[in-house]
Amino acid sequence: MKQSKLLIQTYREAPRDADVISQQLMMRAGMIQKLAAGIYDYLPLALRSIRKFEEIVREELVRDGCQELLMPVVQPRELWDESARWQFYGRELLRLKDRKDADFCLGPTHEEVVTDIVRKIIKSYKQLPINLFQIQTKFRDEIRPRFGLMRGREFIMKDGYSFHVDDADADREYWRMFEAYKRIFARLGVKFRPVEADSGAIGGSFTHEFHVLAGSGEDAILSCNACEYTSNAEKTEAPGLPFGYASEPVLDLKRAHFHTPGIIAMEEQAKAFRDAEHNGLPLDHASKFYLYRATRGDATWDAGLVLRSDHDPNTVKLKNLIGADSIDLVPLEEAEKRAGTKSGFIGPVDMDVSMYVDRSLEGAYNLTCGANQEGYHHFGFKPDRDLKQMKGFHDLRMAREGDVCARCGKGTYEAFRGIEVGQVFKLGTKYSQAMSCVFSDEAGHERPMVMGCYGIGITRTIAAVIEQNYDADGIIWPWPVAPFHVHLVSLDSNKPEIASVANRAESDLEAAGFQVLHDDRDGLSPGVKFKDADLLGMPLRLTVGAKGLKDGIVELRDRRTKEVTKIKPEDVVAAVKAHRERTNHEGTK
């Protein structure tokens, strides 16, 4: 491909509204253009990388017997009413009406549509299992689209769905897709980790996310350094902790009642109780209380959460424990009215609400808590004695780096940042029951199909690749998804002797199966061409110039290592092949 004919414009400066490095570099490199908030044009270089990744995905899924189809972007409300997601999905679902005033939406996902397809065709257990996928444009009306392709409103996604006769078969397919995803991301040439996660709005019984590791990642990941347990921080199991003050006498709640005017922060409480001759008060001797409002369908109720003051609440764990669709803090004014005191002195004792206590407080006593009286705290709180509506001790806090692994009990958690690029779900019968997607078993009885769901963000993954592979000069593409393999730079390309060698090298490389972007532009200095080549980031740069040809050589430069090799023009194909083989070998270590 001649660069003089390519639809591309490079820029020296990043747009002001570009938030992350992938967005900055893709826009500077002329790969994408912003059309509207969270909506981008994919220009030729970007589309080449996108299509390459799509082909990797197709090859691995077809290898496992998956079948590709294509479903409509526009979906009728009736299907979403059947699954009860028309209202639940929220404002991210872009709703619209046609000329007949019928309700439709732009598909953010396709569980309803694929379930409708299968229920119309599959009738017998003999037709199962089946695994269907598509690669298609989605739309989610994000409230704050940002980070370029990593959190856009319109994006390309691979979504797949499997249907089974029972849980055992669905589990088998889940782990088969798990392994397929590992192959896909290994072929991509990036550092990644599969992590246990929460199923969120999609639903289902268990799920894993696949994350490309990058410092700019939105998601916190914790991984044990002694076993394979890795999970999203919101899902990570926090270990129980021993209470370290078992030698203290157990105080009565009402007698251990102290005047603490103006003292709200936990650190201030610790200092105040030290002054009250309690020999210092570690933060693990203090508790804190949150009052949440839970919703499920049309129902709402309140729930209290108590945990150690030096721990952070995990609302995902609480939401799942109490079976809510969502939870939010009760508005402050309402909480103060209910407790009869101002914020800072609100506590869980005598609150008429179900109480859930983090397991790090199991066995704990002589804790501080608000006394529901302005200017007062208790220092004698014992949760299992003093909470009338306590619902037990549970894992309800955010695990953190350095915690002992709750799985193996030997290692400790290490923290990483990750960009979520894929996820596999076991959906169970959430959609098949709601939408009457049933089959006849061997005895002729109708049963709902058990479903799995498997997604990969295609465009998001391309952005994540860049977030992991760049330097001060630009992108550093891994071979599998580089728009071109070799960036051939002709210096003084209007000179016949240079054009002849360059064109021959381009022809020979393409005949050998390599994709070449030939910078044949006239009137540009070597410095400008080299800067553009570094910005675009193809794995290899091949330079043909008058100075080198005088000595009978051309230069091959590795974009990642910056290593330069001088070779004869007739050895170009062999040198590129050797580099590719070496790169593939290093990528499998």
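**A tour from Gly323 to a small set of stops**

Start by selecting Gly323: just after helix H8, this residue takes a positive phi of about 75 degrees. Keep in mind as you go that you're looking at a predicted model.

Now step back into H8 itself, residues 315–322. Colour Val316, Lys317, Leu318, Lys319 and Ile322, which are buried. What's on top of them? Show strands S14 (287–296), S15 (299–308), S16 (326–329) and S17 (354–358), which are among the elements covering the buried residues of H8.

Next, go to the start of H8 and pick Asn314. One of its side-chain oxygens reaches to within 3.1 Å of the backbone nitrogen of Val316.

From Asn314, hop to Arg397, since the two are in contact. You'll find Arg397 in the loop between strand S20 (390–394) and strand S21 (413–428). Is Arg397 buried or exposed? Its relative accessibility is 1%, so Arg397 counts as buried, the cut-off being under 20%. Show side chains here: Arg397 makes a polar contact with the side chain of Asp403 at 3.2 Å. Other residues in contact with Arg397 include Lys317 from H8, Leu307, His311 and Asp358.

Last stop: the cavity. A search of the whole structure finds 1 cavity of 30 Å³ or more, and about 40 Å³ of space lies in the largest cavity. To see its lining, select His487, Ala533, Asp534, Met538, Leu540, Arg541 and Arg559. Helix H14 (526–536) and strand S29 (540–544) each supply at least two of these residues. Try colouring the lining by type: 3 residues are nonpolar, 1 is polar and 3 are charged.

Note on methods. Residues are numbered from 1 along each chain as its sequence is written. This is a predicted model: local features need pLDDT of at least 70, side-chain atom pairs count only at pLDDT 80 or more; totals for chains, interfaces and linings use all residues. Side-chain values use heavy atoms; hydrogens and water are left out. On a 1 Å grid over the protein atoms alone, a cavity is a set of points where a 1.4 Å probe fits but cannot get out, and a pocket is an open set with protein on both sides within 12 Å along at least five of seven lines; lining residues have an atom within 4 Å of a point. Grid points are joined across faces, edges and corners, and a volume is the space filled by probe spheres set on the points. Helices (H or I, at least four residues) and strands (E, at least two) are DSSP runs, numbered from the N terminus. Ala, Val, Leu, Ile, Met, Phe, Trp, Tyr, Cys and Pro count as nonpolar, Asp, Glu, Lys and Arg as charged, and the others, Gly among them, as polar. Buried means under 20% relative accessible area, exposed over 50%, partly exposed in between (1.4 Å probe, protein chains only). Contact means heavy atoms within 4.5 Å. A polar contact is a pair of N or O atoms within 3.5 Å; within protein, one must be able to donate a hydrogen and the other to accept it, and residues adjacent in sequence count only if both atoms are side-chain atoms. Lists of a residue's contacts leave out its neighbours within four places in sequence.
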